[in-house]
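Work through the exercises below with the model open in your viewer. Try each task before reading its solution.

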Amino acid sequence: MMSYLSSTTILEITTLNHYFGHSKLRTQTLFDINLTIKSGEIVIMTGPSGSGKTTLLTLIGGLRSVQEGSLKFNGQELLGASNEELVQIRRQIGYIFQAHNLLDFLTAMQNVQMSLELQRNISSRESYIYSERMLQSVKLGDRTNYYPADLSGGQKQRVAIARALVGHPKLVLADEPTAALDSKSGRDVVTLMQHLAKEQNCTILMVTHDNRILDIADRIINMEDGHLMQHD
């Protein structure tokens, strides 16, 4: 396991609360969440369905507005952030989902290149070179022109990893990345994520129910009924 004593803090959450609905129908889903994650750390979040894991992930990723408390990403406060500021934050974050979310009408290469369209000052040629290099890193250099329909589940998820990491994000949020995969493919995918993240000094926060991959974590946290429990 890595030491984070000299690492910078990438994520700092203090007394974060979140609610759904309005007036009498308003229900609280997150309660006084406190969490600090250091740069380069791999943190796994576990917990039953409906406990608030994905809600927390969407708040961290700037996909949902912070309502109450403090959520700082790379020193920038998300509470009260404008839409433009949230867009800037999202450019520094990679996302990997259970369903891989590839566009069926684009090749593996085009799916990865899409991620770079958010980045400024990258030419089309650079975008192609970076994407090709990234697909080679995830061992899909011979599948760059394949469409998702012609790829296995594990290969699709590796394209999703390439897409998430090609822009060298500071943080990758992964929501059940192995749920649709068999044991070997799931292990291959998270080992690859771990290797590439360490190579890029990228932080990973992963939600999973998969007990077979918990060993890649530097730290495991658990969500229960909207409350965050920390484990050493």
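## Exercise 1: Helices on the sheet

Helix α1 (residues 53-60) lies across β3, β6, β7 (171-175), β8 and β9 (219-224), and it runs at about 155° to β7. The model is a predicted one.

**Task.** Which strands does helix α6 touch, and what angle does its direction make with that of β8?

**Solution.**
- Step 1. Locate α6 at residues 183-200.
- Step 2. List its strand contacts: α6 packs on the sheet and touches β3, β6, β7 and β8.
- Step 3. Read the angle: the direction of α6 makes about 155° with that of β8.

## Exercise 2: Strand order

**Task.** In what order do the six strands of the open sheet run, and which are the edge strands?

**Solution.**
- Step 1. The order is β6-β7-β8-β3-β9-β10, with mixed pairing.
- Step 2. The edges are β6 (93-97) and β10 (227-230), each of which pairs on one side only.
- Step 3. From one strand to the next, the twist averages 20°.
- Step 4. Take one pair: β3 (residues 42-46) and β8 (residues 203-207) are joined in the parallel sense over four bridges.
- Step 5. Within this pair, Val43 stands opposite Leu205 in β8.

## Exercise 3: Helix α3

**Task.** Is α3 largely enclosed or largely open, and why?

**Solution.**
- Step 1. Apply the cut-off: buried means under 20% relative accessible area.
- Step 2. The buried residues in α3 are Ala108, Met109, Asn111, Val112, Gln113, Ser115 and Leu116.
- Step 3. That is seven of the nine residues of α3 (residues 108-116), so the helix is largely enclosed by the rest of the structure.
- Step 4. Their cover includes α4 (124-137) and α5 (153-165).

## Exercise 4: The α3 and α5 packing

**Task.** How do α3 and α5 pack: at what angle, and with their axes how far apart?

**Solution.**
- Step 1. The angle is about 30°, and the axes are 7 Å apart.
- Step 2. Angles under 35 degrees count as roughly parallel, so α3 is roughly parallel to α5.
- Step 3. The crossing of α3 and α5 is right-handed.
- Step 4. α3 contributes Ala108, Asn111, Val112 and Ser115 to the contact, while α5 contributes Val159, Ala162 and Arg163.
- Step 5. Sorted by class, this contact has four nonpolar, two polar and one charged residues.

## Exercise 5: Val112

**Task.** Is Val112 buried or exposed?

**Solution.**
- Step 1. Place Val112 in helix α3.
- Step 2. Its relative accessibility is 0%, so Val112 counts as buried.
- Step 3. Beyond neighbours within four places in sequence, Val112 contacts Ser131, Leu135, Val159, Ala162, Arg163 and Val166.
- Step 4. Val112 and Val166 are 54 residues apart along the chain, with 7.2 Å between their C-alpha atoms.

Key
Residues are numbered from 1 along each chain as its sequence is written. This is a predicted model: local features need pLDDT of at least 70, side-chain atom pairs count only at pLDDT 80 or more; totals for chains, interfaces and linings use all residues. Side-chain values use heavy atoms; hydrogens and water are left out. Buried means under 20% relative accessible area, exposed over 50%, partly exposed in between (1.4 Å probe, protein chains only). Helices (H or I, at least four residues) and strands (E, at least two) are DSSP runs, numbered from the N terminus. Contact means heavy atoms within 4.5 Å. Two strands pair if DSSP finds at least two bridges between them. Axes are lines fitted to C-alpha atoms, for helices over the stretch in contact, and angles run from 0 to 180 degrees between N-to-C directions. Angles under 35 degrees count as roughly parallel, over 145 as roughly antiparallel, 65 to 115 as roughly perpendicular and the rest as oblique. A crossing is left-handed if the near helix is turned anticlockwise from the far one by less than a right angle, and right-handed if clockwise. Ala, Val, Leu, Ile, Met, Phe, Trp, Tyr, Cys and Pro count as nonpolar, Asp, Glu, Lys and Arg as charged, and the others, Gly among them, as polar.
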